[in-house]
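Student: Could we walk through this structure together, one question at a time?
Tutor: Gladly! Have a look at it first, and then we will begin.

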Amino acid sequence: MTAPPGNVRVAVQVAFSFCALAAVLVCQAAIAAPTEYAIRWAAAEGGPKSATEVLQLLKLEPKKKVETFEVRYFRTGVPADAPALSTSIVRERSDGSEPQITFKYRADLPLPATASWKCPLTSFDKSKFETDITFLGAPVRKAYSWSCTGAGSLASLLPGALLPQPVGCGARMVRRESKGMEYKVEEWQLKTGATVLEVSWTATDDAKDQQQFADQVVAPLLARIKPLDRSKTEIGSSC
């Protein structure tokens with residue numbers, strides 16, 4: 001067999017190298033997606049009833065900063081390029097300054113590693129893939145999402161064609177964070193008067209990190225709480 005000319009061999013090698021690099025980057029993008037481990041419960045059903053009590057029970061030293069937000073969720077139309085089998089979520093969060101608007105696609109199955117869709121917001125400054133692992137006791141529930149976030153009013157950032165409609169009555173959320181491992185503790189005060197608490201941790205989707213969260217957070221809580229099988233969207237959307 002006759003060997004191809006030198007310039008052809010170079011072209012083939014460059015093309016192969018490019019494809020290999022592209023495959024690596026896609027894999028790295030999928031691996032790099034952060035994972036949020038979380039557990040939630042209603043204060044009225046037992047266990048710690050405030051973010052401060054949670055930190056004390058878990059023997060976590062809190063950072064000084066305390067954040068307070070008003071949170072509202074909206075139902076919206078589905079963009080034409082939305083990922084298959086995904087749900088569209090819009091969240092407005094404000095700490096008294098300019099609101100932060102987040103548009104999120106959420107699905108029960110992993111989303112494609114590279115986004116083939118566009119952010120529906122007219123202006124945004126960040127986007128991310130994320131895996132959500134919620135502890136329901138011993139079992140866990142997994143969900144996958146992609147979101148984009150921008151600063152401004154809902155009317156200015158979301159096209160009117162998507163017809164955002166408020167869902168529920170909104171909620172007030174107080175967030176504290178621990179030093180060291182940086183566990184987040186959120187206290188959701190609903191308009192019904194109910195309080196829901198969440199402990200979460202952003203790490204990677206692997207057995208070691210999942211076991212760490214299970215040992216350090218879930219195990220001490222399970223003796224005192226009844227985990228909720230509801231997402232923060234469902235919790236924040238209730239009246």
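**The disulfide and beyond**

Tutor: In this predicted model, Cys-119 and Cys-148 are joined as a disulfide, with 2.0 Å between their sulfur atoms. The two cysteines connect distant parts of the chain, 29 residues apart: Cys-119 sits in the loop between strand 4 and strand 5, and Cys-148 belongs to strand 6.

Student: What is the handedness of the disulfide of Cys-119 and Cys-148?
Tutor: Let's look at the torsion about the S-S bond. For Cys-119 and Cys-148 it is about 80°, so this disulfide is right-handed.

Student: Is Cys-148 buried or exposed?
Tutor: Buried means under 20% relative accessible area. Cys-148 has a relative accessible area of 0%. Its partner Cys-119, at 13%, is buried as well. Cys-148 therefore counts as buried.

Student: And Thr-131, buried or exposed?
Tutor: Thr-131 lies in strand 5, which spans residues 126-135. Beyond its neighbours within four places in sequence, Thr-131 has contacts that include Pro-34, Tyr-144 and Asp-205. Its relative accessibility is 9%, so Thr-131 is buried.

Student: Which strand gives the largest share of the lining of the largest pocket?
Tutor: Good one! The largest pocket holds about 810 Å³ of space. Of its 36 lining residues, those closest to the centre are Arg-91, Arg-93, Lys-104, Lys-128 and Arg-175. The largest share of the lining, six residues, is from strand 5.

Student: How many charged residues are in that lining?
Tutor: Let's sort the lining of the largest pocket by class. Seven of its residues are nonpolar and 13 are polar. The charged residues number 16.

Definitions and conventions. Residues are numbered from 1 along each chain as its sequence is written. This is a predicted model: local features need pLDDT of at least 70, side-chain atom pairs count only at pLDDT 80 or more; totals for chains, interfaces and linings use all residues. Side-chain values use heavy atoms; hydrogens and water are left out. Helices (H or I, at least four residues) and strands (E, at least two) are DSSP runs, numbered from the N terminus. Buried means under 20% relative accessible area, exposed over 50%, partly exposed in between (1.4 Å probe, protein chains only). Contact means heavy atoms within 4.5 Å. A disulfide is a pair of cysteine sulfur atoms within 2.5 Å. On a 1 Å grid over the protein atoms alone, a cavity is a set of points where a 1.4 Å probe fits but cannot get out, and a pocket is an open set with protein on both sides within 12 Å along at least five of seven lines; lining residues have an atom within 4 Å of a point. Grid points are joined across faces, edges and corners, and a volume is the space filled by probe spheres set on the points. Ala, Val, Leu, Ile, Met, Phe, Trp, Tyr, Cys and Pro count as nonpolar, Asp, Glu, Lys and Arg as charged, and the others, Gly among them, as polar.
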